[in-house]
Amino acid sequence: METLVFDYRDGKPVPASNRPPALVGVVGSGNLEVLVEAHDLSGAARVEVVTAATGFRPIWQAVLDDFFNRHAPSNILISINDVGATPAVVSLRLDQAMEAFKAGGAA
Amino acid sequence: MRDWDTTTRNRDQRLARAAPLTRGKVVQADDATALLEAVLEPGDRVCLEGNNQKQADFLAKVLAGLDPAQVHDLHMVQSVLALPEHLDVFEKGIASKLDFSFSGPQAGRLAKLLAGGQLSIGAIHTYLELFGRYFTDLTPRIALVAAQAADAAGNLYTGPNTEDTPVIVEATCFKRGIVIAQVNELVDQVPRVDIPGGWVDFVIQSPKPHYIEPLFTRDPAQISEIQVLMAMMVIKGIYAEYEVNRLNHGIGFDTAAIELLLPTYAERLGLRGKICRHWALNPHPALIPAIEAGFVQSVHSFGSELGMEDYIRARPDVFFTGPDGSMRSNRALCQAAGHYACDLFIGSTLQIDLTGNSSTATLGRIAGFGGAPNMGADARGRRHASPTWLKAGREARDGSGLTPRGQKLVVQMVETFREHMQPAFVEKLDAWELAENAGMDLPPVMIYGEDVSHIVTEEGIANLLLCRGEEEREQAIRGVAGYTPVGLARDRRAVENLRDRGIIRRPEDLGIDKREATRDLLAARTVKDLVRASGGLYDPPKRFRNW
């Protein structure tokens, strides 16, 4: 799998101004999409979850608490699109996305 | 003066009633109803051969179509309830009592019939228990079995799905019962004799070949990355460390993932020739790449698997095959091998409780046990040693002052949440409520916690052998139970302590890079890949072909 990133300004291509986002997980072959992006949040980090299943906030909280305990990232925005993934899949994909992000490239 | 041959004389009377219907041993399919009416008597114990795969489906239909005014109160003793007819006989009042092992496909209906008082259950057995009872107090008076072919003398050729037939026929024949076989074809000479003609009373060519269920085919396309991750842990953290060489796998996708990681991940770890050499296993298509890669030296099977016939025929060094080239399976003997000769069983389950008991029982379904309890139990009668068995025994007993002995590895492999966010770890098994509702003597536990050596989840491996005391064991289980309520209720400090002592091991503790846990690691990612790996010899059933 390959992810290509192209940035343009004023109609002309420019080098990516920041580390390219890492995209891990594709809806269709699985049930979860995770996007990790560098984002100036004054040292904070944010996770946006869009999920098909309601009523599992405490489990999301627990999964994400553990994730931030492992990685402690700052200035990143994580976008999650969930179509009924289990916590195991969420954890694995988050770790994979984070590793790929740290490696500075696409997964 | 007491008569000592009443069963023989009764048998002769039955045969005399059937005599007008036969030419030698051959009975026409049209006369099958008349034959069963002639030989059956009310209250008979009847074994209607229902295997995991091969089904005596024609005889099942005939039996279910009999007149209950004439034939009634039969006591069915059969290993598997697979076909609707297996329960129709109770609904119609032909049979009233049941002893069985597994009823997966009919589990819901069986629960309803039981609740409605339409049958009573003697017991739910494991295969070996039921076979054992065939030779003690549950000997069939009449056996209705299935084979591929028969000759005029009654010699039966079962083909690769021999399964339960030898044990059923032996018990019935030598206690002076009557054996009736449905066959796909009548031939001048059978390719090999699986059941001697002298043990068979009647053969009927069925209008259609008997049904065979492809039960052990798992499409690699459905294996998840979590399953790949767990399979990596099993290979590196258990198979390599205990040098597991004689083993049995359950039938799920979890274990199929292990089979498909042998030629890739295990090969890279240098484990070929060091693990997974001898198997008690149905011929899983998922094992083809490992066989081709030289991991597997031998496979003995409970039954065959549809589509694997030509592949097996071409690999006689690996499989047990007859002089005709086709496989010979035998459920009783393979169960014995799985129980006594294997050092490891690994399988999935639906629920695990805090002491490690596991169950596949769900409310409203009576599914039975099959062979898992015998595979997944320490064989306490075992005496021969192996490095695996000795290491497990040492881990369980070190420092305890107990007499040294070995122990089997019994591994439960589950993702912490199943589909629809059903937790695999629970405080109390549904089996308790099922037992109460169905009036069972005991909750139907598939594998008892005391026999379980390891629990593997996506979170890690819990080694229960190393636990000392109930409290440690409970925390070890909670410590791999992920985000289930059972897992969230862990004592975090206790779990970290268990991790420090190597009782709980996370993927990173095992040197496993989770990024590697992708489907790319599977030696076959589709059924088509399996066909390719077999050199075109594997011929999957239509439902598994999507190309």
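In this predicted model, A72(A) adopts a positive phi of about 45 degrees immediately after α1(A). The helix before it, α1 of chain A, covers residues 57-71, 15 residues in total. From first C-alpha to last, α1(A) reaches 21 Å, close to the 21 Å expected at 1.5 Å a residue.

In chain B, two helices pack against each other: α8 (residues 225-242) and α9 (residues 253-268). Two packed helices are described by the angle between their axes and the distance between the axes. For α8(B) and α9(B) the angle is about 65 degrees and the axes are 8 Å apart. Their crossing is right-handed.

On the α8(B) side, the contact is made by Q227(B), V228(B), M230(B), A231(B), M232(B), V234(B) and I235(B). They meet F253(B), D254(B), A257(B), I258(B), L261(B), Y265(B) and A266(B) of α9(B). By class, the residues of this contact are 12 nonpolar, one polar and one charged.

Chain B also has parallel strand pairings that involve β9 (residues 178-186), listed here with their bridges.

| Strand pair | Sense | Bridges |
|---|---|---|
| β7(B) (residues 142-150) and β9(B) (residues 178-186) | parallel | eight bridges |
| β9(B) and β10(B) (residues 202-205) | parallel | four bridges |

Single positions fix the register of these pairings. Between β7(B) and β9(B), I142(B) lies opposite I178(B). Which residue in β10(B) is the bridge partner of I180(B)? That partner is F202(B). β9(B) thus pairs with β7(B) and with β10(B).

Note on methods
Residues are numbered from 1 along each chain as its sequence is written. Chains are lettered from A and ligands numbered from 1 in the order in which they are written. This is a predicted model: local features need pLDDT of at least 70, side-chain atom pairs count only at pLDDT 80 or more; totals for chains, interfaces and linings use all residues. The expected span of a helix is 1.5 Å times one less than its number of residues. Axes are lines fitted to C-alpha atoms, for helices over the stretch in contact, and angles run from 0 to 180 degrees between N-to-C directions. A crossing is left-handed if the near helix is turned anticlockwise from the far one by less than a right angle, and right-handed if clockwise. Two residues are in contact if their C-beta atoms, placed from the backbone, lie within 7 Å. Ala, Val, Leu, Ile, Met, Phe, Trp, Tyr, Cys and Pro count as nonpolar, Asp, Glu, Lys and Arg as charged, and the others, Gly among them, as polar. Two strands pair if DSSP finds at least two bridges between them.
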